[in-house]
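Trainee: I'm new to this one. Could you put it up and walk me through it?

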Amino acid sequence: MFKQTIRFERAQDALVFDNHMLEFLRTCERGGEEDDACVFTTRLQDEDAHIRVVQTDSAQMLGRLLNYLTVRNFPPA
C-alpha cells in the first residue's frame, strides 16, 4: 500500500484538493486505460489542520496523482 498524507491549514485548501481529487478520478475513468488500481482518500481534522490521506495499491497511480496536482500548481506556494 502506498500512502500520501497532505495537511492543510485552511479548510478552503482542503476542499480545493477534494475537487482536484474528483477531477483526477474522472480523468482516469475517461482515459480508457485498463488500470485496476484502487484509490482511497480519508478526511481527518486535527485541531486546526485539515488532513487528507490518499492510499493506493499502485505506486504508478500515486505518481500520476502527484503529477496531476503539480501541473495544476497545487498546493499553492
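Mentor: Sure, let's start with the cysteines. The sulfur of Cys28 is 12 Å from the closest cysteine sulfur, in Cys38, and that is too far for a bond. Keep in mind that this is a predicted model, where local features need pLDDT of at least 70, side-chain atom pairs count only at pLDDT 80 or more, and totals for chains, interfaces and linings use all residues. Residues are numbered from 1 along each chain as its sequence is written, and side-chain values use heavy atoms, with hydrogens and water left out.

Trainee: How many disulfides does the count come to?

Mentor: A disulfide is a covalent bond between the sulfur atoms of two cysteines. The rule here asks for a pair of cysteine sulfur atoms within 2.5 Å. Cys38 has its nearest cysteine sulfur, that of Cys28, 12 Å away, and is in no disulfide. By this rule the count comes to zero.

Trainee: Is Cys28 buried or exposed?

Mentor: Buried means under 20% relative accessible area, exposed over 50%, and partly exposed in between (1.4 Å probe, protein chains only). Cys28 has a relative accessible area of 16%, so Cys28 is buried.

Trainee: And what is the relative accessible area of Cys38?

Mentor: Cys38 falls in the partly exposed class. Its relative accessible area is 37%.

Trainee: Which residues of helix 1 are buried?

Mentor: Helices (H or I, at least four residues) and strands (E, at least two) are DSSP runs, numbered from the N terminus. Helix 1 covers residues 11-30. Its buried residues are Asp13, Ala14, Phe17, Asp18, His20, Met21, Phe24 and Cys28.

Trainee: Why are they on the same side of helix 1?

Mentor: An α-helix has 3.6 residues a turn, so residues three or four places apart point the same way. The arc is that of the directions from the helix axis to the C-beta atoms. The buried residues of helix 1 are on the same side because they cover an arc of only 165°.

Trainee: Which exposed residues sit on the face turned away from that buried side?

Mentor: That face belongs to helix 1 and is turned away from its buried side. The exposed residues there are Asn19, Glu29 and Arg30.

Trainee: Now helix 2: which of its residues are buried, and within what arc do they fall?

Mentor: The buried ones are Met61, Leu62, Leu65, Tyr68 and Leu69. Seen down the axis of helix 2, they line one face, because they fall within an arc of 120°.

Trainee: What do those buried residues pack against?

Mentor: Contact means heavy atoms within 4.5 Å. The buried residues of helix 2 pack against strand 1, helix 1, strand 2 and strand 3.

Methods: Expected span 1.5 Å × (residues − 1).
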